[in-house]
Amino acid sequence: MGKTFSRGGLAFAAVIAAGAVLSSCSKPEPVVIVEAPPPPPPVTLNAGVAEAASIYVAFIRDVGTIQAGFQDAESIQAAMRKGAAYDPATLSRGMIAYASILALQSPEFVAGVRRFADDPGQRAEVVANLIRDPAYAVTLPGADAAAGLIIATLGQDIATLTALADSVEQDAYTIQERNDPRRRWAVTPIPSREVRLESVKTISAGQMLPSAEDSARLFAAANSGTGLNLPATTQAPPYTPAVVNALAIAALAAMGAAGDEARANTEALSIETNAQFCLDMSKLNLFQCLAASRPSYEDMFCVGRHIVRDLATCTTQATIPVVADPAIATASISPVPTGVAAEAATASLVAVQPASN
């Protein structure tokens, strides 16, 4: 007996068959692979900045060994040779380079800058802004913490140099007293004064070389953000041009944009004309002081005033904004010495006066 099918059964079977045919012909949806953006480059500061910074660090440390209480005329000349052995342009660049490494010791600043590093487009924009205008660094998160480290750390150098200058200049008075056993040679005229002056000028023109040990230590500290063990502190703006440039170098490094391929940018930012001009004038004052100096106690004054104190003064001007209050500004000016190295002091003051027409 044959099988019979209802119309409903036939229709259902047809639907099942059609579905099977369609299912066998369909293709799977393509899998879309979304590639994650590449990770931002690590904090990178080229070795040239560390080498420049090492020159400043080593020189300031060396000048810090100059002490009052000179026991003979030659010890004064040795201090003179030590303190005069700097090129203003090189030392100025070294100070800014060192300041940038100090800024990189601020985790707040580094983290704040790297917020903009994840997105390649945003990173490129920030880097371009820093190169175009270093002051852009001041607007970045954590800039006040980085500036605080710069100003506080260089402030320690300023305090040390100022105290040394005070003691050396005071010793120039003390050594003239009749009960000071050093008086006999201290008041004796210096032989071959012109030769001595030319010798100091030659030393001043010498090349300053980086310290390998300091360079390695500073390079590691810059790229790791640790190692200098600086206490955290903050400093609100305004900032001097030297501090601004240092912040810009540090910001580029935090964005991974201050490596060897960016040396032209970091070297350009380490040049600041105001800081260099102050050191240039200090050298001129030193030469004028030595040209007028006759006995050894006056040379002692030249060392204290136009090497040690001027280094402190120039570092202060490079890191601390100009005081607007005239009363405060006047109070900060050192009094003109009387009785000791009078001619040398006069010569140094005349050197910075504008020439009369």
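**Entry 1: an odd serine**

Where does S192 lie? I looked it up in this predicted model and found S192 in the loop between α8 (183–186) and α9 (193–204). I stopped there because most residues other than glycine have a negative phi. S192 is not a glycine, yet its phi is positive, at about 55°.

**Entry 2: the loop between α10 and α11**

I then went to N229, another residue other than glycine with a positive phi, near 55°. N229 lies in the loop between α10 and α11. Is N229 buried or exposed? I found a relative accessible area of 72% for N229, and exposed means over 50%, so N229 is exposed.

P238 is also found in the loop between α10 and α11. I checked the bond that joins P237 and P238, and that peptide bond is cis, with omega about 15°. I noted it down because most peptide bonds are trans.

**Entry 3: the whole protein**

I stepped back for an overview. How many helices and strands does the protein have? I counted 16 helices and zero strands. The protein has 357 residues, and 45% of them are buried. I also looked at contacts between residues at least 6 apart in sequence: 87% of these join residues at least 24 apart. The accessible surface comes to about 18,400 Å², and carbon and sulfur atoms own 60% of it.

**Entry 4: helix α2**

Next I picked one helix, α2, residues 47–63. How far apart are its end C-alpha atoms? They are 25 Å apart; at 1.5 Å a residue, its 17 residues should span 24 Å, so the two values agree.

I listed the buried residues of α2, among them G48, V49, A50, A53, Y56, F59 and V63. What covers these buried residues of α2? I found that the cover includes α3 (73–84), α4, α7, α10 (212–224), α12 (263–269) and α14. A reminder to myself: an α-helix has 3.6 residues a turn, so residues three or four places apart point the same way.

**Entry 5: a pocket beside α2**

I moved on to the second largest pocket, which has a volume of about 280 Å³. Its lining holds 18 residues, and G48, A52, R93, E267 and S270 lie nearest the centre. Which helix gives the largest share of this lining? It is α2, with five residues, while α4 and α12 each supply at least two. By class, I got eight nonpolar, six polar and four charged residues. G48 was already in my notes as one of the buried residues of α2.

**Entry 6: two cavities**

Last, I searched for enclosed space and found two cavities of 30 Å³ or more.

- The largest cavity holds about 50 Å³ of space. Its lining residues include Y56, L91, M95, L279 and C314. Helices α4 (88–103), α13 (273–292) and α14 (296–319) each supply at least two residues. I counted seven nonpolar, two polar and no charged residues in this lining.
- The second largest cavity holds about 40 Å³. M95, I150, L154, V243 and T319 are among its lining residues. Here α4, α7 (143–174), α11 (241–254) and α14 each give at least two residues. The classes are nine nonpolar, one polar and no charged residues.

Which residue should I remember from this entry? I chose M95, which lines the largest cavity and also lines the second largest cavity.

How values were computed:
Residues are numbered from 1 along each chain as its sequence is written. This is a predicted model: local features need pLDDT of at least 70, side-chain atom pairs count only at pLDDT 80 or more; totals for chains, interfaces and linings use all residues. Side-chain values use heavy atoms; hydrogens and water are left out. On a 1 Å grid over the protein atoms alone, a cavity is a set of points where a 1.4 Å probe fits but cannot get out, and a pocket is an open set with protein on both sides within 12 Å along at least five of seven lines; lining residues have an atom within 4 Å of a point. Grid points are joined across faces, edges and corners, and a volume is the space filled by probe spheres set on the points. Helices (H or I, at least four residues) and strands (E, at least two) are DSSP runs, numbered from the N terminus. Ala, Val, Leu, Ile, Met, Phe, Trp, Tyr, Cys and Pro count as nonpolar, Asp, Glu, Lys and Arg as charged, and the others, Gly among them, as polar. Buried means under 20% relative accessible area, exposed over 50%, partly exposed in between (1.4 Å probe, protein chains only). Contact means heavy atoms within 4.5 Å. Accessible areas come from the Shrake-Rupley method with a 1.4 Å probe; for residues, only the protein chains shown count as cover. The expected span of a helix is 1.5 Å times one less than its number of residues.
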